[in-house]
Amino acid sequence: MTITRMTTLPAGSNFRSPFERSAVETGFLLTMEDRLGIERLLRQRGTENAPNPPLLNGLLRHKLRISRRAPEPAPPELVVAACHVTYMISGEGARSGVLSMSPMPIPGCLLVASLLGATLIGMRKMQKAPLLRDDGQIETVVVLDVRPPHDHDAA
């Protein structure tokens with residue numbers, strides 16, 4: 001079969017834009033500080049208190065591989081360590097907490113050394129992502145609001 005007539009798009013049209021969103025819009029962004037914090041957690045075995053450390057370690061390594069570099073300073077809608085994040089899991093009620101790089105549980109904090117925290121870090125306000133649970137179930141988490149770290153210092 002021979003192609004005899006080539007069809008071209010009108011000048012100025014962008015065929016891809018309706019079908020593809022950039023990686024910045026759909027993926028995860030990590031600040032250099034958060035990237036170093038995750039690497040430190042992995043190196044110092046900060047995930048050993050998690051219910052399934054091998055699964056969490058795999059998720060954190062995957063997050064490091066697929067995440068793009070966040071602009072500095074981080075945008076206010078980006079979930080970073082020490083920010084206050086409000087989120088919802090698969091239609092449950094809204095919950096919130098401060099995202100922490102600590103390997104040990106802290107009241108009111110969401111640990112990056114947990115499947116939830118590892119999923120949330122690097123997300124942006126109104127972004128949805130699959131959330132792997134300890135029991136193997138996959139749910140959806142959406143970031144509803146983000147307040148930057150040291151929010152109280154500005155008041």
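**Close-up views of a predicted model**

**View 1. Q127, a buried residue in a loop.** With a relative accessible area of 9%, Q127 is buried, because buried means under 20% relative accessible area. In this predicted model, Q127 has its place in the loop between helix 4 and strand 6. The side chain of Q127 reaches out to the backbone oxygen of G27, and the distance between them is 3.0 Å. The loop that holds Q127 also holds M126, whose phi is near 70°, a positive value in a residue other than glycine. M126 is exposed, with a relative accessible area of 54%, whereas Q127 is buried.

**View 2. The protein as a whole, as a setting for the other views.** The secondary structure comes to four helices and seven strands, and when the chain is read along the sequence these elements follow the pattern α-β-α-α-β-β-β-β-α-β-β. The protein has 155 residues, of which buried residues make up 36%. Among the contacts with a separation of 6 or more, 57% are accounted for by residues that are 24 or more positions apart.

**View 3. The largest nonpolar core and its most connected members.** This core has 36 residues, and the ones that touch the most other members are I38, V79, L120 and V141. At least two residues of the core are supplied by each of strand 1 (29-30), helix 2 (32-43), helix 3 (53-66), strand 3, strand 5 (109-111), helix 4, strand 6 and strand 7 (138-147). Helix 4 gives the largest share, which is four residues. For V79, leaving aside its neighbours within four places in sequence, the residues in contact are D34, V85, L99, L120, I121, G122, M123, V143 and V146.

**View 4. I121, a loop residue at 0% relative accessibility.** I121 lies in the loop between helix 4 and strand 6, and at 0% relative accessibility it counts as buried. Not counting residues up to four places away in sequence, I121 touches F28, L30, D34, I38, K63, V79, A81, L99, M101 and V112. I121 and V80 are 41 residues apart in sequence, and yet in space they are 5.7 Å apart, C-alpha to C-alpha.

**View 5. T119 in helix 4, with K63 and F28.** T119 has its place in helix 4 and is buried, with a relative accessible area of 5%. A polar atom of the T119 side chain lies 2.7 Å from the backbone oxygen of L115. If neighbours within four places in sequence are left aside, T119 is in contact with F28, L59, K63, A129, P130, L131 and V141. Two of these residues, K63 and F28, also belong together in another way, since K63 lies over the face of F28 at 3.8 Å from the ring centre. Pairs between aromatic rings are another matter, and the structure holds zero of them.

**View 6. Strand 7 with its partners, strand 3 and strand 6.** Strand 3 and strand 7 pair in the antiparallel sense over six bridges, and in strand 7 it is V143 that stands opposite Y87. Strand 6 and strand 7 pair in the antiparallel sense as well, over five bridges, and here K128 stands opposite V142 in strand 7. Strand 6 and strand 7 form a hairpin with five residues between them, and G136 in the turn has a positive phi of about 95°.

**View 7. P73 and A82 in the loop between strand 2 and strand 3.** The loop between strand 2 (68-69) and strand 3 (84-89) is the place of P73, and the peptide bond from E72 to P73 is cis, with omega near -5°. A82 is found in the loop between strand 2 and strand 3 too, and its phi is near 80°, a positive value in a residue other than glycine. A82 is partly exposed, with a relative accessible area of 39%, because partly exposed is the class in between under 20% and over 50%.

Terms used
Residues are numbered from 1 along each chain as its sequence is written. Side-chain values use heavy atoms; hydrogens and water are left out. Buried means under 20% relative accessible area, exposed over 50%, partly exposed in between (1.4 Å probe, protein chains only). A nonpolar core is a set of buried Ala, Val, Leu, Ile, Met, Phe, Trp, Tyr and Cys residues joined through side-chain atoms within 4.5 Å. Contact means heavy atoms within 4.5 Å. A polar contact is a pair of N or O atoms within 3.5 Å; within protein, one must be able to donate a hydrogen and the other to accept it, and residues adjacent in sequence count only if both atoms are side-chain atoms. Rings of Phe, Tyr and Trp (its six-membered ring) pair if their centres lie within 6.5 Å; planes under 30 degrees apart count as stacked, over 60 as edge-to-face and the rest as tilted. A charge sits over a ring if NZ of Lys or CZ of Arg is within 6 Å of the ring centre and within 35 degrees of the ring normal. Two strands pair if DSSP finds at least two bridges between them.
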